[in-house]
Amino acid sequence: MAEGKTGKSAGKGRPGGAARKNAATLEARIIDAALALAAKRPWGEVTLADIAAKAGVGLGELVAAFPSRLNIISAVMARIDAKVLDGLDPDLAAEPVRERLLDILISRFEALAPHKAAVRSIARFLAHEPEAALALRRAVLRSQAAMLAGAGVETYGP
């Protein structure tokens, strides 16, 4: 999956840094195109070919980055996670866990706000496609664990 790739690891002087940055840019264009299409029509009607055309990339290039639409959804979740975690207020570290979790939840809603129509489209699709929703369970659990870690909550054990 592509959600582990970011442009941050593409430092100057590192072998392959430019390639990683180009891959991150490609992935960002694909994610942006998918969100734009999902905002305008039902996610179930959006094809990989539609996303490739909107992103201005070849279908083969898109599939190499994201083999399925579910991989794209997972990458959207990872992007939102990164935005929320990168924006954490270090002054909240001394606050109670409840306050830190509330701050993260509010930040998550704010990060998702520009994509409200796309999120609604994808959520409606997943509500009627339980197999697809189940396939995203790992991404959902990863996202939840990341948000809890951001709040300083341990995510292992019962």
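What is the volume of the largest pocket in this structure? Before I answer, let me say that what we have on the screen is a predicted model, and everything I go through this morning should be heard with that in mind.

The largest pocket has a volume of about 360 Å³. Its lining is made up of 15 residues, and those lying nearest the centre are I73, M77, R108, L112 and V119. If we ask which elements give two or more residues to that lining, we find α4, α5 and α6, the last of these covering residues 116-128. As for chemical character, 14 of the lining residues are nonpolar and one is charged, while no polar residue takes part.

Let me now step back to the chain as a whole. The secondary structure amounts to eight helices and zero strands, so that, by the run assignment used here, the pattern along the sequence reads α-α-α-α-α-α-α-α. Of the 158 residues in the protein chain, 32% are buried, where buried stands for under 20% relative accessible area. When we take the contacts between residues at least 6 apart in sequence, 63% of them join residues at least 24 apart.

I would like to spend the rest of my time on two of the helices, beginning with α8, which runs over residues 137-150. This helix has 14 residues and reaches 20 Å from its first C-alpha to its last, which is close to the 20 Å expected at 1.5 Å a residue. Within α8 the residues A139, S143, A146 and M147 are buried, and, seen down the helix axis, the buried residues fall within an arc of 95°, so they line one face of the helix. On the face turned away from that buried side we find the exposed residues R137, R138 and L141. And what covers the buried residues of α8? The cover includes α4, residues 69-86, and α5, residues 97-112, and these two helices are also among the elements that I named for the pocket lining. Just after α8 comes G152, which takes a positive phi of about 80°.

The other helix is α2, at residues 48-55, whose buried residues are L48, I51, A52 and A55. Viewed down the axis of α2, these buried residues fall within an arc of 100°, and therefore they line one face of the helix. After α2 we meet G56, and its phi is positive, near 75°.

That is where I will stop, and I am happy to take questions.

Methods:
Residues numbered from 1 in each chain as written. Predicted model: local features only at pLDDT ≥ 70, side-chain atom pairs only at ≥ 80, totals over all residues. Heavy atoms only, no water. Helix = DSSP H or I, 4+ residues; strand = E, 2+ residues; numbered from the N terminus. Expected span 1.5 Å × (residues − 1). Buried < 20%, exposed > 50% of the residue type's maximum accessible area, 1.4 Å probe, protein only. Arc of directions from axis to C-beta. Contact = heavy atoms within 4.5 Å. 1 Å grid on protein atoms, 1.4 Å probe; cavity = no way out; pocket = protein on both sides within 12 Å on 5 of 7 lines; lining within 4 Å. Points joined across faces, edges and corners; volume = space filled by probe spheres on them. Nonpolar A, V, L, I, M, F, W, Y, C, P; charged D, E, K, R; others polar.
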